[in-house]
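Reader: I am new to this structure and would like a close look at one part of it, the contacts made by its side chains. Please also say how the strands are arranged.

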Amino acid sequence: MWKKWGSLSLSLVIAASLMAGCSSGADKTADKASTPEAASSLNETGMPIVNEKITLDFFTGKWNGNSSNYDDVFVWKKYQELSNIDVNFNLVPFESLTEKRNLALAGGDYPDVFYSARVGSAELTRYGPQGIFIPLNDLIDQYAPNFKKLMEENPDIRKGLTMPDGNIYSLPSVYDPNFLSMLIGTPLWVNEDWLKQLKMEEPKTIDEFYNYLKAVKETDLNGNGKNDEIPYGGTGITSIIDQIKGAWGLGTKGLGHKFVDVDPDTNELRFTKTLPEYKEMLQFMNKLYTEGLIDKEIFTIESGALNAKGQGDLLGSTIVPNPDTVMGKDNFIGLGALEGPHGDKLYSHVKVPMVHVGAFAITDKNEHPEATIRWMDHFYGQEGATFFFMGEEGTTYNKNADGDLEYIKEITNNPDGLTMDQALTKYFTWTGGSYPGYVKGEYFKGSETLPNSMEAAKKAEPNAVEDIWFNFNFTNEETEFMSSVGKDIQDYIGEMEAKFVNGSASFDQWDDYVSTIEKMGLEEYMNIYKTAYERYNAS
(Lines give C-alpha, C1' and ligand atoms only; values in the text may rest on other atoms or scores of the structure.)
Protein backbone atom coordinates (compact mmCIF):
# COMPACT_ATOMS: atom_id res chain seq x y z
CA MET A 1 0.00 0.00 0.00
CA TRP A 2 1.36 3.40 -0.97
CA LYS A 3 0.94 4.84 2.54
CA LYS A 4 4.01 2.91 3.65
CA TRP A 5 6.36 5.39 1.96
CA GLY A 6 7.34 6.79 5.32
CA SER A 7 9.35 3.66 6.11
CA LEU A 8 11.38 3.56 2.89
CA SER A 9 15.11 3.60 3.39
CA LEU A 10 17.29 6.17 1.67
CA SER A 11 19.03 3.48 -0.33
CA LEU A 12 15.72 2.24 -1.70
CA VAL A 13 14.74 5.76 -2.74
CA ILE A 14 18.04 6.30 -4.53
CA ALA A 15 17.82 2.93 -6.27
CA ALA A 16 14.23 3.49 -7.34
CA SER A 17 15.06 6.96 -8.62
CA LEU A 18 17.92 5.61 -10.71
CA MET A 19 15.76 2.82 -12.12
CA ALA A 20 13.00 5.30 -12.97
CA GLY A 21 15.49 7.57 -14.68
CA CYS A 22 16.76 4.70 -16.86
CA SER A 23 13.35 3.53 -18.05
CA SER A 24 12.05 5.07 -21.24
CA GLY A 25 8.40 4.78 -20.31
CA ALA A 26 7.65 4.65 -24.03
CA ASP A 27 4.89 2.08 -23.58
CA LYS A 28 3.13 4.16 -20.95
CA THR A 29 2.66 7.48 -22.72
CA ALA A 30 -0.71 6.68 -24.27
CA ASP A 31 -3.74 7.77 -22.26
CA LYS A 32 -4.59 5.03 -19.83
CA ALA A 33 -8.05 3.46 -19.90
CA SER A 34 -9.71 1.50 -17.13
CA THR A 35 -10.65 -2.16 -17.41
CA PRO A 36 -13.81 -3.13 -19.38
CA GLU A 37 -15.54 -4.06 -16.11
CA ALA A 38 -14.78 -0.66 -14.57
CA ALA A 39 -15.74 1.18 -17.75
CA SER A 40 -19.13 -0.54 -17.85
CA SER A 41 -19.97 0.99 -14.46
CA LEU A 42 -19.07 4.52 -15.62
CA ASN A 43 -21.73 7.10 -16.45
CA GLU A 44 -20.29 9.54 -18.97
CA THR A 45 -22.53 12.37 -17.76
CA GLY A 46 -24.53 13.22 -14.68
CA MET A 47 -24.42 11.72 -11.20
CA PRO A 48 -23.53 9.26 -9.88
CA ILE A 49 -20.26 9.03 -11.76
CA VAL A 50 -20.18 5.24 -11.34
CA ASN A 51 -23.00 2.82 -10.67
CA GLU A 52 -20.84 0.50 -8.59
CA LYS A 53 -18.99 2.23 -5.78
CA ILE A 54 -15.21 2.60 -6.16
CA THR A 55 -12.50 3.73 -3.77
CA LEU A 56 -9.53 5.97 -4.66
CA ASP A 57 -6.42 6.79 -2.63
CA PHE A 58 -5.34 10.44 -2.68
CA PHE A 59 -2.01 11.89 -1.51
CA THR A 60 -3.33 15.20 -0.16
CA GLY A 61 -1.58 18.36 0.97
CA LYS A 62 -3.12 19.91 4.07
CA TRP A 63 -2.95 23.37 5.66
CA ASN A 64 -1.90 23.22 9.31
CA GLY A 65 -4.76 25.57 10.23
CA ASN A 66 -7.25 22.83 9.31
CA SER A 67 -7.40 20.11 11.96
CA SER A 68 -10.38 18.32 10.39
CA ASN A 69 -10.40 14.72 9.27
CA TYR A 70 -11.49 15.07 5.64
CA ASP A 71 -13.76 12.04 5.98
CA ASP A 72 -15.89 14.13 8.36
CA VAL A 73 -15.95 17.33 6.30
CA PHE A 74 -19.36 18.21 4.90
CA VAL A 75 -18.35 18.80 1.28
CA TRP A 76 -16.59 15.42 0.92
CA LYS A 77 -19.27 13.41 2.71
CA LYS A 78 -21.86 14.96 0.43
CA TYR A 79 -19.81 14.46 -2.73
CA GLN A 80 -19.21 10.81 -1.92
CA GLU A 81 -22.98 10.30 -1.79
CA LEU A 82 -23.43 12.21 -5.03
CA SER A 83 -20.62 10.61 -7.06
CA ASN A 84 -20.56 7.10 -5.54
CA ILE A 85 -16.77 7.46 -5.28
CA ASP A 86 -15.15 7.04 -1.88
CA VAL A 87 -11.87 8.93 -1.52
CA ASN A 88 -9.26 8.08 1.09
CA PHE A 89 -7.60 11.43 1.73
CA ASN A 90 -4.16 10.57 3.07
CA LEU A 91 -3.23 13.93 4.58
CA VAL A 92 0.27 15.39 4.53
CA PRO A 93 1.00 18.81 6.09
CA PHE A 94 2.24 21.39 3.60
CA GLU A 95 5.39 21.83 5.70
CA SER A 96 6.59 18.29 4.94
CA LEU A 97 4.80 17.90 1.62
CA THR A 98 7.75 18.22 -0.78
CA GLU A 99 9.93 15.69 1.03
CA LYS A 100 7.20 13.08 1.37
CA ARG A 101 5.89 13.57 -2.16
CA ASN A 102 9.38 13.14 -3.61
CA LEU A 103 9.93 10.09 -1.42
CA ALA A 104 6.73 8.48 -2.66
CA LEU A 105 7.49 9.20 -6.33
CA ALA A 106 11.11 8.05 -6.17
CA GLY A 107 10.27 4.90 -4.21
CA GLY A 108 7.38 3.87 -6.43
CA ASP A 109 4.98 3.65 -3.47
CA TYR A 110 2.46 6.29 -4.52
CA PRO A 111 -1.35 6.55 -4.68
CA ASP A 112 -4.02 6.79 -7.39
CA VAL A 113 -4.01 10.58 -7.34
CA PHE A 114 -1.89 13.48 -6.09
CA TYR A 115 -4.42 16.07 -4.91
CA SER A 116 -3.52 19.53 -3.61
CA ALA A 117 0.04 18.17 -3.47
CA ARG A 118 1.87 21.00 -5.27
CA VAL A 119 3.41 18.79 -7.94
CA GLY A 120 5.69 21.05 -9.97
CA SER A 121 6.41 21.28 -13.69
CA ALA A 122 9.81 19.66 -13.17
CA GLU A 123 8.21 16.57 -11.61
CA LEU A 124 5.56 16.38 -14.30
CA THR A 125 8.25 16.60 -16.99
CA ARG A 126 10.31 13.92 -15.27
CA TYR A 127 7.67 11.40 -14.20
CA GLY A 128 5.12 11.94 -16.97
CA PRO A 129 7.16 10.45 -19.82
CA GLN A 130 8.13 7.59 -17.50
CA GLY A 131 4.44 6.73 -17.22
CA ILE A 132 4.05 7.47 -13.52
CA PHE A 133 1.73 10.39 -14.25
CA ILE A 134 -0.64 9.47 -17.06
CA PRO A 135 -1.37 11.78 -20.02
CA LEU A 136 -4.74 13.49 -19.70
CA ASN A 137 -5.12 14.88 -23.23
CA ASP A 138 -7.71 12.34 -24.44
CA LEU A 139 -9.35 12.00 -21.03
CA ILE A 140 -9.96 15.76 -20.92
CA ASP A 141 -11.35 15.69 -24.43
CA GLN A 142 -13.77 12.85 -23.66
CA TYR A 143 -14.64 13.10 -19.97
CA ALA A 144 -13.88 16.65 -18.73
CA PRO A 145 -16.24 19.03 -20.53
CA ASN A 146 -15.96 21.77 -17.91
CA PHE A 147 -12.19 21.90 -18.00
CA LYS A 148 -12.12 21.51 -21.78
CA LYS A 149 -14.39 24.56 -22.08
CA LEU A 150 -12.15 26.47 -19.68
CA MET A 151 -9.11 25.79 -21.88
CA GLU A 152 -11.02 26.80 -25.01
CA GLU A 153 -11.99 30.09 -23.39
CA ASN A 154 -8.47 30.63 -22.00
CA PRO A 155 -5.89 29.15 -24.42
CA ASP A 156 -3.01 30.17 -22.13
CA ILE A 157 -4.15 27.46 -19.71
CA ARG A 158 -3.34 24.83 -22.33
CA LYS A 159 0.03 26.53 -22.97
CA GLY A 160 0.92 26.48 -19.29
CA LEU A 161 -0.18 22.85 -18.81
CA THR A 162 1.48 21.35 -21.90
CA MET A 163 4.81 19.74 -21.05
CA PRO A 164 7.73 19.71 -23.55
CA ASP A 165 6.66 16.27 -24.86
CA GLY A 166 3.26 17.68 -25.87
CA ASN A 167 1.28 15.97 -23.10
CA ILE A 168 -0.85 17.36 -20.29
CA TYR A 169 -0.27 15.44 -17.06
CA SER A 170 -2.18 17.51 -14.50
CA LEU A 171 -5.07 19.82 -13.74
CA PRO A 172 -4.41 23.16 -12.00
CA SER A 173 -5.97 25.73 -9.77
CA VAL A 174 -7.35 28.50 -11.99
CA TYR A 175 -8.41 32.02 -11.06
CA ASP A 176 -10.97 33.77 -13.21
CA PRO A 177 -8.85 36.15 -15.35
CA ASN A 178 -11.51 38.82 -14.69
CA PHE A 179 -11.20 38.40 -10.90
CA LEU A 180 -8.49 41.06 -10.62
CA SER A 181 -8.62 41.48 -6.86
CA MET A 182 -7.74 37.77 -6.57
CA LEU A 183 -4.89 38.11 -9.07
CA ILE A 184 -3.52 41.11 -7.18
CA GLY A 185 -3.88 39.32 -3.87
CA THR A 186 -1.88 41.71 -1.71
CA PRO A 187 -2.23 45.41 -2.65
CA LEU A 188 -0.08 48.20 -1.26
CA TRP A 189 -2.24 49.50 1.58
CA VAL A 190 -2.06 52.96 3.20
CA ASN A 191 -3.74 54.19 6.38
CA GLU A 192 -6.65 56.37 5.24
CA ASP A 193 -7.18 57.89 8.70
CA TRP A 194 -3.59 59.08 8.74
CA LEU A 195 -3.89 60.51 5.24
CA LYS A 196 -6.82 62.59 6.47
CA GLN A 197 -4.94 63.73 9.59
CA LEU A 198 -2.05 64.80 7.40
CA LYS A 199 -4.45 66.51 4.96
CA MET A 200 -2.83 64.57 2.13
CA GLU A 201 -4.39 63.08 -0.98
CA GLU A 202 -4.06 59.40 -1.78
CA PRO A 203 -0.60 58.86 -3.36
CA LYS A 204 -0.69 58.57 -7.14
CA THR A 205 3.06 58.79 -7.81
CA ILE A 206 6.25 57.37 -6.31
CA ASP A 207 7.18 60.83 -5.02
CA GLU A 208 3.78 61.28 -3.36
CA PHE A 209 4.14 57.88 -1.71
CA TYR A 210 7.57 58.92 -0.41
CA ASN A 211 6.17 62.21 0.91
CA TYR A 212 3.41 60.34 2.74
CA LEU A 213 5.88 57.94 4.38
CA LYS A 214 8.06 60.86 5.43
CA ALA A 215 5.10 62.68 6.97
CA VAL A 216 4.11 59.54 8.89
CA LYS A 217 7.58 59.30 10.41
CA GLU A 218 7.54 62.93 11.52
CA THR A 219 4.04 62.98 13.07
CA ASP A 220 2.49 61.35 16.16
CA LEU A 221 -0.50 60.09 14.24
CA ASN A 222 -1.58 57.41 16.70
CA GLY A 223 -1.59 60.01 19.49
CA ASN A 224 0.34 58.02 22.07
CA GLY A 225 3.01 60.66 22.60
CA LYS A 226 5.72 58.44 21.11
CA ASN A 227 7.60 58.58 17.85
CA ASP A 228 6.76 54.92 17.13
CA GLU A 229 4.89 55.14 13.83
CA ILE A 230 6.26 52.83 11.15
CA PRO A 231 5.80 54.40 7.69
CA TYR A 232 6.03 51.05 5.86
CA GLY A 233 6.06 47.59 7.41
CA GLY A 234 6.12 44.22 5.67
CA THR A 235 7.68 40.77 5.74
CA GLY A 236 10.77 41.05 3.56
CA ILE A 237 11.43 43.46 0.71
CA THR A 238 10.28 41.27 -2.17
CA SER A 239 6.62 42.22 -1.79
CA ILE A 240 7.21 45.96 -1.96
CA ILE A 241 9.71 45.59 -4.82
CA ASP A 242 7.09 43.65 -6.76
CA GLN A 243 4.53 46.35 -5.98
CA ILE A 244 6.52 49.41 -7.05
CA LYS A 245 8.74 48.13 -9.89
CA GLY A 246 6.01 48.94 -12.41
CA ALA A 247 6.74 52.60 -11.67
CA TRP A 248 10.00 51.97 -13.54
CA GLY A 249 8.27 50.01 -16.32
CA LEU A 250 9.40 46.59 -15.06
CA GLY A 251 7.42 43.37 -14.79
CA THR A 252 5.58 43.67 -18.09
CA LYS A 253 4.44 40.03 -18.01
CA GLY A 254 3.21 39.84 -14.42
CA LEU A 255 4.32 38.12 -11.24
CA GLY A 256 4.86 34.68 -12.73
CA HIS A 257 8.22 35.73 -14.21
CA LYS A 258 10.15 37.90 -11.78
CA PHE A 259 13.50 37.88 -13.57
CA VAL A 260 12.54 38.09 -17.24
CA ASP A 261 9.97 40.17 -19.10
CA VAL A 262 9.58 41.81 -22.50
CA ASP A 263 10.95 45.23 -23.39
CA PRO A 264 7.89 47.16 -24.67
CA ASP A 265 10.07 49.19 -27.05
CA THR A 266 11.86 46.29 -28.77
CA ASN A 267 9.50 43.38 -27.97
CA GLU A 268 12.59 41.36 -26.97
CA LEU A 269 13.11 39.29 -23.83
CA ARG A 270 15.14 41.07 -21.17
CA PHE A 271 16.66 40.12 -17.82
CA THR A 272 15.27 42.84 -15.55
CA LYS A 273 17.54 42.47 -12.53
CA THR A 274 20.56 44.03 -14.26
CA LEU A 275 18.80 46.94 -15.97
CA PRO A 276 19.52 50.61 -15.11
CA GLU A 277 15.83 51.01 -14.26
CA TYR A 278 16.11 48.25 -11.69
CA LYS A 279 19.15 49.89 -10.15
CA GLU A 280 17.22 53.15 -9.89
CA MET A 281 14.32 51.38 -8.20
CA LEU A 282 16.68 49.80 -5.66
CA GLN A 283 18.20 53.22 -5.01
CA PHE A 284 14.72 54.47 -4.16
CA MET A 285 14.27 51.55 -1.78
CA ASN A 286 17.63 52.31 -0.20
CA LYS A 287 16.51 55.91 0.30
CA LEU A 288 13.40 54.73 2.15
CA TYR A 289 15.42 52.38 4.34
CA THR A 290 18.19 54.88 5.08
CA GLU A 291 15.69 57.55 6.12
CA GLY A 292 13.87 55.16 8.45
CA LEU A 293 10.75 54.96 6.32
CA ILE A 294 10.90 51.16 6.17
CA ASP A 295 10.63 49.05 9.31
CA LYS A 296 14.15 48.09 10.42
CA GLU A 297 12.85 44.58 11.21
CA ILE A 298 11.63 44.02 7.65
CA PHE A 299 14.29 41.40 6.87
CA THR A 300 13.50 39.22 9.88
CA ILE A 301 9.91 39.87 10.97
CA GLU A 302 7.26 37.17 10.53
CA SER A 303 3.63 37.74 9.63
CA GLY A 304 2.29 37.31 13.17
CA ALA A 305 4.55 40.05 14.53
CA LEU A 306 3.71 42.31 11.58
CA ASN A 307 -0.01 41.83 12.20
CA ALA A 308 0.56 42.70 15.87
CA LYS A 309 2.13 46.01 14.82
CA GLY A 310 -0.90 46.70 12.67
CA GLN A 311 -3.23 45.89 15.53
CA GLY A 312 -1.24 48.31 17.67
CA ASP A 313 -1.86 51.25 15.29
CA LEU A 314 1.77 51.51 14.25
CA LEU A 315 1.64 51.06 10.46
CA GLY A 316 1.29 53.80 7.88
CA SER A 317 1.40 51.34 4.98
CA THR A 318 1.83 47.63 4.48
CA ILE A 319 1.36 44.73 2.07
CA VAL A 320 -0.90 41.93 3.32
CA PRO A 321 -4.00 40.21 1.90
CA ASN A 322 -6.26 42.62 3.80
CA PRO A 323 -5.59 44.61 7.01
CA ASP A 324 -9.22 44.10 8.01
CA THR A 325 -8.94 40.30 8.18
CA VAL A 326 -5.39 39.90 9.49
CA MET A 327 -5.09 43.01 11.70
CA GLY A 328 -8.69 43.92 12.47
CA LYS A 329 -8.20 47.32 10.82
CA ASP A 330 -10.76 48.59 8.32
CA ASN A 331 -9.14 52.00 7.82
CA PHE A 332 -6.71 51.05 5.04
CA ILE A 333 -7.16 51.68 1.33
CA GLY A 334 -5.30 49.97 -1.50
CA LEU A 335 -3.32 52.01 -4.00
CA GLY A 336 -3.43 51.71 -7.76
CA ALA A 337 -0.41 51.98 -10.06
CA LEU A 338 2.10 54.61 -8.92
CA GLU A 339 3.62 56.79 -11.63
CA GLY A 340 7.40 56.65 -11.66
CA PRO A 341 10.11 59.28 -12.21
CA HIS A 342 10.11 58.77 -15.99
CA GLY A 343 6.35 58.60 -16.49
CA ASP A 344 5.98 54.81 -16.27
CA LYS A 345 2.72 53.73 -14.68
CA LEU A 346 2.35 49.96 -14.81
CA TYR A 347 0.54 47.80 -12.27
CA SER A 348 2.71 44.72 -12.61
CA HIS A 349 1.71 43.00 -9.35
CA VAL A 350 -0.68 40.62 -11.11
CA LYS A 351 -0.44 36.88 -10.52
CA VAL A 352 -0.73 34.17 -13.16
CA PRO A 353 -4.41 33.12 -13.38
CA MET A 354 -3.27 29.48 -13.37
CA VAL A 355 -1.54 28.50 -10.14
CA HIS A 356 -0.32 25.16 -8.83
CA VAL A 357 0.09 23.58 -12.26
CA GLY A 358 0.18 20.10 -10.68
CA ALA A 359 -2.69 20.49 -8.22
CA PHE A 360 -4.26 17.24 -9.50
CA ALA A 361 -2.39 14.39 -11.19
CA ILE A 362 -3.51 10.82 -11.87
CA THR A 363 -0.92 8.03 -11.60
CA ASP A 364 -0.55 4.71 -13.39
CA LYS A 365 -1.74 2.96 -10.20
CA ASN A 366 -5.24 4.31 -10.88
CA GLU A 367 -7.61 1.68 -12.33
CA HIS A 368 -10.42 4.20 -12.91
CA PRO A 369 -8.92 7.18 -14.79
CA GLU A 370 -12.17 8.08 -16.59
CA ALA A 371 -14.18 8.16 -13.37
CA THR A 372 -11.36 10.01 -11.60
CA ILE A 373 -11.16 12.82 -14.11
CA ARG A 374 -14.95 13.11 -14.10
CA TRP A 375 -14.75 13.37 -10.29
CA MET A 376 -12.38 16.33 -10.64
CA ASP A 377 -14.00 17.98 -13.64
CA HIS A 378 -17.18 18.62 -11.65
CA PHE A 379 -15.33 21.31 -9.69
CA TYR A 380 -14.38 23.26 -12.82
CA GLY A 381 -18.05 23.89 -13.62
CA GLN A 382 -20.35 26.46 -12.03
CA GLU A 383 -22.35 23.95 -10.01
CA GLY A 384 -19.37 22.03 -8.68
CA ALA A 385 -17.25 25.10 -7.96
CA THR A 386 -20.09 26.72 -6.01
CA PHE A 387 -20.49 23.50 -4.06
CA PHE A 388 -16.73 23.26 -3.34
CA PHE A 389 -16.47 26.81 -1.98
CA MET A 390 -19.95 27.48 -0.60
CA GLY A 391 -21.54 24.08 -0.02
CA GLU A 392 -25.29 23.56 -0.14
CA GLU A 393 -27.92 26.28 -0.18
CA GLY A 394 -29.90 26.28 3.04
CA THR A 395 -27.23 24.22 4.82
CA THR A 396 -24.00 26.21 4.57
CA TYR A 397 -25.10 29.31 2.67
CA ASN A 398 -28.13 31.38 1.72
CA LYS A 399 -28.87 33.93 -1.00
CA ASN A 400 -29.53 37.49 0.09
CA ALA A 401 -32.04 39.87 -1.49
CA ASP A 402 -29.50 40.83 -4.16
CA GLY A 403 -28.90 37.20 -5.10
CA ASP A 404 -25.41 37.14 -3.55
CA LEU A 405 -24.30 34.05 -1.66
CA GLU A 406 -23.65 34.38 2.07
CA TYR A 407 -22.38 31.79 4.54
CA ILE A 408 -24.66 30.86 7.42
CA LYS A 409 -24.19 32.65 10.75
CA GLU A 410 -22.54 29.59 12.29
CA ILE A 411 -19.63 30.29 9.94
CA THR A 412 -19.58 34.09 9.90
CA ASN A 413 -20.47 34.60 13.58
CA ASN A 414 -19.72 31.31 15.26
CA PRO A 415 -21.50 30.82 18.61
CA ASP A 416 -18.49 28.94 20.02
CA GLY A 417 -16.14 31.82 19.32
CA LEU A 418 -14.39 30.20 16.35
CA THR A 419 -12.85 32.45 13.76
CA MET A 420 -14.36 32.24 10.29
CA ASP A 421 -11.40 30.17 9.05
CA GLN A 422 -11.84 27.75 11.95
CA ALA A 423 -15.59 27.47 11.41
CA LEU A 424 -15.13 26.83 7.69
CA THR A 425 -13.02 23.71 8.27
CA LYS A 426 -16.07 21.79 9.47
CA TYR A 427 -17.56 22.15 6.02
CA PHE A 428 -14.74 22.79 3.52
CA THR A 429 -11.08 22.10 2.76
CA TRP A 430 -10.23 25.04 0.46
CA THR A 431 -8.79 27.14 3.28
CA GLY A 432 -5.00 27.20 3.01
CA GLY A 433 -5.01 27.06 -0.80
CA SER A 434 -3.24 24.74 -3.27
CA TYR A 435 -6.50 23.03 -4.25
CA PRO A 436 -7.36 22.22 -7.89
CA GLY A 437 -10.44 24.06 -9.12
CA TYR A 438 -11.81 27.27 -10.61
CA VAL A 439 -12.07 30.44 -8.51
CA LYS A 440 -14.61 33.16 -9.30
CA GLY A 441 -15.70 36.09 -7.18
CA GLU A 442 -19.36 35.13 -7.19
CA TYR A 443 -18.76 32.05 -5.03
CA PHE A 444 -15.31 32.62 -3.50
CA LYS A 445 -15.65 34.62 -0.28
CA GLY A 446 -12.06 35.19 0.81
CA SER A 447 -10.62 38.57 1.83
CA GLU A 448 -10.09 39.41 -1.85
CA THR A 449 -13.86 39.99 -2.15
CA LEU A 450 -14.09 42.57 0.64
CA PRO A 451 -15.11 46.06 -0.54
CA ASN A 452 -11.68 47.65 -0.01
CA SER A 453 -9.97 44.83 -1.93
CA MET A 454 -12.41 45.20 -4.80
CA GLU A 455 -11.89 48.96 -4.79
CA ALA A 456 -8.11 48.51 -4.90
CA ALA A 457 -8.49 46.25 -7.94
CA LYS A 458 -10.72 48.85 -9.61
CA LYS A 459 -7.95 51.45 -9.19
CA ALA A 460 -5.30 49.07 -10.53
CA GLU A 461 -7.28 47.90 -13.55
CA PRO A 462 -6.55 50.77 -15.99
CA ASN A 463 -2.80 50.19 -15.70
CA ALA A 464 -2.69 46.46 -14.93
CA VAL A 465 -0.55 44.10 -17.02
CA GLU A 466 -2.77 42.66 -19.73
CA ASP A 467 -0.66 39.98 -21.40
CA ILE A 468 0.17 37.77 -18.42
CA TRP A 469 2.69 35.01 -19.07
CA PHE A 470 1.63 31.66 -17.68
CA ASN A 471 4.32 29.23 -16.48
CA PHE A 472 6.98 28.00 -18.88
CA ASN A 473 7.67 24.25 -18.76
CA PHE A 474 11.31 23.30 -19.13
CA THR A 475 12.76 20.04 -20.42
CA ASN A 476 14.69 17.82 -18.01
CA GLU A 477 18.01 19.23 -19.26
CA GLU A 478 16.75 22.80 -18.99
CA THR A 479 15.37 22.09 -15.54
CA GLU A 480 18.76 20.78 -14.42
CA PHE A 481 20.38 24.07 -15.43
CA MET A 482 17.63 26.27 -13.97
CA SER A 483 17.64 24.36 -10.66
CA SER A 484 21.41 24.63 -10.30
CA VAL A 485 23.03 27.55 -12.12
CA GLY A 486 19.71 29.38 -12.48
CA LYS A 487 18.94 29.02 -8.78
CA ASP A 488 22.45 30.23 -7.88
CA ILE A 489 21.87 33.34 -9.99
CA GLN A 490 18.50 34.00 -8.37
CA ASP A 491 19.85 33.41 -4.85
CA TYR A 492 22.74 35.80 -5.50
CA ILE A 493 20.33 38.46 -6.72
CA GLY A 494 18.16 38.06 -3.61
CA GLU A 495 21.21 38.43 -1.39
CA MET A 496 22.43 41.54 -3.22
CA GLU A 497 18.98 43.15 -3.32
CA ALA A 498 18.90 43.09 0.47
CA LYS A 499 22.44 44.50 0.69
CA PHE A 500 21.72 47.32 -1.75
CA VAL A 501 18.55 48.24 0.13
CA ASN A 502 20.03 48.16 3.66
CA GLY A 503 23.26 49.87 2.55
CA SER A 504 25.68 47.06 3.33
CA ALA A 505 26.53 47.09 -0.39
CA SER A 506 27.27 50.37 -2.15
CA PHE A 507 25.82 51.17 -5.54
CA ASP A 508 29.42 51.74 -6.59
CA GLN A 509 29.46 47.91 -6.72
CA TRP A 510 26.65 47.77 -9.29
CA ASP A 511 28.90 47.03 -12.26
CA ASP A 512 30.58 44.23 -10.31
CA TYR A 513 27.13 42.87 -9.42
CA VAL A 514 26.10 42.80 -13.09
CA SER A 515 29.43 41.28 -14.14
CA THR A 516 29.08 38.52 -11.54
CA ILE A 517 25.65 37.55 -12.84
CA GLU A 518 26.96 37.43 -16.40
CA LYS A 519 29.87 35.22 -15.37
CA MET A 520 27.55 32.89 -13.45
CA GLY A 521 25.81 31.94 -16.70
CA LEU A 522 23.33 34.66 -17.63
CA GLU A 523 23.69 34.06 -21.38
CA GLU A 524 22.74 30.39 -21.08
CA TYR A 525 19.95 31.32 -18.66
CA MET A 526 18.46 33.65 -21.26
CA ASN A 527 18.95 31.15 -24.10
CA ILE A 528 16.96 28.56 -22.14
CA TYR A 529 14.29 31.12 -21.34
CA LYS A 530 14.00 32.08 -24.99
CA THR A 531 13.69 28.43 -26.06
CA ALA A 532 11.00 27.79 -23.44
CA TYR A 533 9.20 30.96 -24.50
CA GLU A 534 9.16 29.87 -28.14
CA ARG A 535 7.90 26.42 -27.14
CA TYR A 536 5.23 28.06 -24.95
CA ASN A 537 3.99 30.17 -27.86
CA ALA A 538 3.93 27.15 -30.18
CA SER A 539 1.99 24.85 -27.83
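Author: What follows goes through charged pairs, then aromatic rings, then one sheet.

The model is predicted. Over the whole structure, a search finds 20 salt bridges. The general idea is simple: side chains of opposite charge can pair when their charged atoms come close.

One of the salt bridges joins Asp-141 to Lys-148, and their closest N and O atoms are 2.7 Å apart. Asp-141 has a relative accessible area of 46%, so Asp-141 is partly exposed. Lys-148 also counts as partly exposed, because its relative accessibility is 26%. Partly exposed covers the range in between buried, which is under 20%, and exposed, which is over 50%.

A second example is the salt bridge in which the side chains of Lys-426 and Glu-410 meet, at 3.2 Å from N to O. Lys-426 lies in the loop between helix H19 (420–424) and strand E13 (437–439), while Glu-410 is in helix H18 (residues 409–412), so this pair ties together parts that are 16 residues apart in sequence. Lys-426 is partly exposed, with a relative accessible area of 48%. For Glu-410 the value is 31%, which again is partly exposed.

The salt bridge between Lys-499 and Glu-495 has an N to O distance of 3.1 Å. These two residues are four residues apart in helix H21 (residues 476–502), so about one helical turn separates them. Lys-499 is partly exposed at 31% relative accessibility, and Glu-495 is partly exposed with a relative accessible area of 42%. Elsewhere, salt bridges that share partners join Lys-214, Glu-218 and Glu-291 into one network.

Next come the aromatic rings. The count of aromatic pairs comes to 51. Among them is the pair of Trp-469 and Phe-472, which is tilted, with 5.1 Å from centre to centre and 50° between the planes. Trp-469 and Phe-472 are both buried. Another pair, Phe-500 and Phe-507, is stacked: the centres are 5.0 Å apart and the planes are at 15°. The pair counts as stacked because planes under 30 degrees apart fall in that class. Phe-500 has 0% relative accessibility and so counts as buried. Phe-507 is buried too, with a relative accessible area of 15%.

Charged side chains also meet rings. Arg-118 lies over the face of Phe-94, and the distance to the ring centre is 3.8 Å. Lys-365 is placed over the face of Tyr-110, at 4.0 Å from the ring centre.

That leaves the strands. Three of them form an open sheet in the order E8-E5-E9, and the pairing is antiparallel. Strand E8 (317–319) and strand E9 (332–334) stand at the edges with a single partner strand each, so one side of each has no neighbour in the sheet. From one strand to the next the twist averages 30°. Strand E5 (residues 188–191) is joined to E8 by three bridges, and the two run antiparallel. Leu-188 stands opposite Ile-319, a residue in E8. Helix H20 (residues 451–460) lies across E5 and E9, and runs at about 35° to E9.

Key. Residues numbered from 1 in each chain as written. Predicted model: local features only at pLDDT ≥ 70, side-chain atom pairs only at ≥ 80, totals over all residues. Heavy atoms only, no water. Salt bridge = Lys/Arg side-chain N within 4 Å of Asp/Glu carboxyl O. Buried < 20%, exposed > 50% of the residue type's maximum accessible area, 1.4 Å probe, protein only. Phe/Tyr/Trp six-rings, centres within 6.5 Å; stacked < 30°, edge-to-face > 60°. Lys NZ or Arg CZ within 6 Å of the ring centre and 35° of its normal. Pairing = 2+ DSSP bridges. Axes fitted to C-alpha atoms, helices over the stretch in contact; angles between N-to-C directions. Contact = heavy atoms within 4.5 Å.
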